[in-house]
Amino acid sequence: MLCFGAGGSAVAIALHLINKQDPADRPAKFTMVNRSQPRLDAMAELAQKVGSTIPFEFICNEDGERNDGMMAGPGSPITDAGVFPLRGVAWEYNYRGDLVFLRQAQAQKESRNLTVEDGWVYFLHGWTQVIAQVFHTEI
């Protein structure tokens with residue numbers, strides 16, 4: 001698992017994978033890349049606190065070309081030259097602004113047989129769940 005960013009969505013994904021009952025459903029390794037060290041440190045502390053059996057690697061980096069190289073393994077802070085892994089999943093959690101990562105993934109969707117997810121659907125799902133809790137109704 002290669003995760004660019006260490007914000008709330010990244011932490012939620014990491015915790016979800018850590019808590020998978022079947023070890024076969026957990027990644028063999030989780031690499032988290034972020035532009036600033038404090039968020040990486042917080043995630044490292046959290047992984048240790050919950051007793052993760054997934055080996056984590058935390059990389060502080062904002063160089064798109066270096067990120068391209070990391071993605072060549074198994075994941076925008078990549079350049080247009082970055083090649084997505086075959087049959088990979090590219091999930092853009094952003095839903096506004098310049099969605100470069102989404103555009104890059106969509107450009108390789110067919111040639112790399114990617115599953116590409118858009119952050120807008122993620123955003124809408126999250127907010128509908130909040131609204132459902134506030135108004136005590138199922139959406």
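In the predicted model, Leu102 touches Glu92, Val116, Glu117 and Asp118, residues up to four places away in sequence being left out of this list. Leu102 belongs to helix 4, which spans residues 100–107, and with a relative accessible area of 8% it is buried, because this value falls under the 20% limit. One of the contacting residues, Val116, is 14 residues from Leu102 along the chain, and the C-alpha atoms of the two are separated by 7.6 Å. Val116 falls within strand 5, which comprises residues 115–117.

Helix 4 also takes part in a salt bridge, in which Arg103 is paired with Asp80 and the closest N and O atoms are 3.3 Å apart. Asp80 is located in the loop between helix 3 and strand 4, whereas Arg103 lies in helix 4, so the pair ties together parts that are 23 residues apart in sequence. With regard to solvent, Asp80 counts as exposed at 53% relative accessibility, while Arg103, with a relative accessible area of 43%, is partly exposed.

The count of salt bridges comes to 2, and another such pair is formed by the side chains of Glu57 and Lys29, with an N to O distance of 2.8 Å. Here Glu57 is contributed by strand 3 and Lys29 by the loop between helix 1 (8–18) and strand 2, so that parts 28 residues apart in sequence are tied together by the pair. Glu57 counts as partly exposed at 29% relative accessibility, and Lys29 is likewise partly exposed, its relative accessible area being 41%.

Strand 3, in which Glu57 lies, is part of an open sheet of 3 strands, arranged in the order 1-2-3 with parallel pairing. The edges of this sheet are formed by strand 1 (2–4) and strand 3 (56–60), each of which pairs on one side only. On average, and with direction ignored, neighbouring strands of the sheet are turned by 15° against each other. Strand 2, made up of residues 30–34, runs parallel to strand 3 and is joined to it by 5 bridges; within these strands, Phe30 stands opposite Phe56. Helix 2, covering residues 37–49, packs on the sheet and touches both strand 2 and strand 3, and its direction makes about 170° with that of strand 3.

Positive phi values in residues other than glycine were found at Arg87 and at Asn113. For Arg87, phi is about 55°, and the residue is placed in the loop between helix 3 (64–71) and strand 4 (89–91), the loop that also holds Asp80. Arg87 counts as exposed, because its relative accessibility of 61% is over the 50% limit. For Asn113, phi is near 55°, and this residue is found in the loop between helix 4 and strand 5.

Towards the C-terminal part of the chain, a nonpolar patch on the surface is formed by Trp127, Val130, Ile131, Val134, Phe135 and Ile139, which together have about 610 Å² of accessible area. Ile139 lies in the segment after helix 5, the helix that comprises residues 119–134, and with a relative accessible area of 57% this residue is exposed.

Terms used. Residues are numbered from 1 along each chain as its sequence is written. This is a predicted model: local features need pLDDT of at least 70, side-chain atom pairs count only at pLDDT 80 or more; totals for chains, interfaces and linings use all residues. Side-chain values use heavy atoms; hydrogens and water are left out. Helices (H or I, at least four residues) and strands (E, at least two) are DSSP runs, numbered from the N terminus. Buried means under 20% relative accessible area, exposed over 50%, partly exposed in between (1.4 Å probe, protein chains only). Two strands pair if DSSP finds at least two bridges between them. Axes are lines fitted to C-alpha atoms, for helices over the stretch in contact, and angles run from 0 to 180 degrees between N-to-C directions. Contact means heavy atoms within 4.5 Å. Patches are made of residues with over 30% relative accessible area and no salt bridge: like charges are joined within 9 Å, nonpolar side chains (Val, Leu, Ile, Met, Phe, Trp, Tyr) within 5 Å. Accessible areas come from the Shrake-Rupley method with a 1.4 Å probe; for residues, only the protein chains shown count as cover. A salt bridge is a side-chain nitrogen of Lys or Arg within 4 Å of a carboxyl oxygen of Asp or Glu.
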